Amino acid sequence: GGEGGGEDEKKEMSLEEEFKATKELVAAIHKALNAKKKIYLDVMALQASIGDCDKQKSEALFKSDTELENDIDMDKNSPLWGAWCIVRGMSKSDAMRRYISTGSFYLRESENAEAAAAAAAAAAASAADPDPDFPATAPDPDNSMAPPPASPPFLA
């Protein structure tokens, strides 16, 4: 079996699974996002994965304060660290929900931008070419537009 209930399968995807799936999709467009969007998503991902920013915590991401200070990505003076500390107290599930909704929005935005760019490119291409539906020379029943006969030899 396993065929039944196709509609329910989406609902069964846990919040964490949906978060991970969204994260994978967002990775493809992450570079193209502006700094504010990147920081928002990165902060929600950190909050969702790790929880509150805590300088004293010794999790895999935070080996020690010294390492933390020397880690360019997680410098305590970085906007990312500051933004992460602002969301302290937000639950992991809330952060996941926010990441999913915002990430999905940016993905749609990026798809729309790509579609718009493709449409613009197509429009530019068709502007350069004559309209494909309009024949270059109209059919001429009388053959009045036929090329003149070859010049007689004595004119050559």
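Phe19 is buried in this predicted model, and so is Tyr99. Their two rings pair up edge-to-face, with 5.1 Å between centres and 80° between planes. In sequence the partners sit 80 residues apart, Phe19 in helix 2 (residues 15-29) and Tyr99 in helix 6 (residues 92-128), so this pair links distant parts of the chain, given how helices are assigned here. Leaving out residues up to four places away in sequence, Phe19 touches Ala45, Ala48, Ser49, Met96, Tyr99 and Ile100.

Both rings also turn up in the nonpolar core. The largest such core has 24 residues, and Phe19 and Tyr99 are among those with the most contacts inside it, along with Leu41, Val43, Met44, Trp84 and Val87. Helix 2, helix 3, helix 5 and helix 6 each supply at least two residues of this core.

What does Thr22 touch, leaving aside neighbours within four places in sequence? Its contacts are Tyr99, Ile100, Gly103 and Ser104. Thr22 lies in helix 2. Because its relative accessible area is 7%, under the 20% limit, Thr22 counts as buried. A polar atom of its side chain lies 2.7 Å from the backbone oxygen of Glu18.

Back to rings for a moment: a search of the whole structure gives 3 aromatic pairs. The edge-to-face one is Phe19 with Tyr99. Another is Phe105 with Tyr106, where the centres are 6.1 Å apart and the planes meet at 55°, so this pair is tilted. Why tilted rather than edge-to-face? An angle of 55° is not over 60 degrees, which edge-to-face would need, and it is not under 30 degrees either, as stacked would need. The partners also differ in burial: Phe105 is partly exposed at 42% relative accessibility, whereas Tyr106 is buried at 11%.

Next, the disulfide. The structure holds 1 of them, formed by Cys53 and Cys85 with their sulfur atoms 2.1 Å apart. The torsion about the S-S bond is about 115°, so the disulfide is right-handed. Cys53 lies in the loop between helix 3 (35-49) and helix 4 (65-70), while Cys85 belongs to helix 5 (residues 79-86), so the bond ties together parts that are 32 residues apart in sequence. At 1% relative accessibility, Cys53 counts as buried.

Then come the charges. Side chains of opposite charge can pair when their charged atoms come close. The structure has 3 salt bridges, listed here with the N to O distance.

| Salt bridge | N to O distance |
|---|---|
| Lys20 and Glu16 | 3.7 Å |
| Glu109 and Lys37 | 2.9 Å |
| Asp94 and Arg98 | 3.6 Å |

Which of these pairs links distant parts of the chain? That is Glu109 in helix 6 with Lys37 in helix 3, 72 residues apart. Lys20 and Glu16, by contrast, both lie in helix 2, 4 residues apart, about one turn of the helix. Asp94 and Arg98 have a spacing of 4 residues too, about one turn, within helix 6.

As for exposure, Lys20 is partly exposed at 47% relative accessible area, and Glu16 is partly exposed at 42%. Glu109 is also partly exposed, at 33%. In helix 6, Asp94 has 27% relative accessibility and counts as partly exposed, as does Arg98 with 35%.

Note on methods. Residues numbered from 1 in each chain as written. Predicted model: local features only at pLDDT ≥ 70, side-chain atom pairs only at ≥ 80, totals over all residues. Heavy atoms only, no water. Phe/Tyr/Trp six-rings, centres within 6.5 Å; stacked < 30°, edge-to-face > 60°. Buried < 20%, exposed > 50% of the residue type's maximum accessible area, 1.4 Å probe, protein only. Disulfide = S-S within 2.5 Å. Polar contact = N/O pair within 3.5 Å; in protein donor to acceptor, adjacent residues only side chain to side chain. Contact = heavy atoms within 4.5 Å. Core = buried A, V, L, I, M, F, W, Y, C linked by side-chain atoms within 4.5 Å. Salt bridge = Lys/Arg side-chain N within 4 Å of Asp/Glu carboxyl O.
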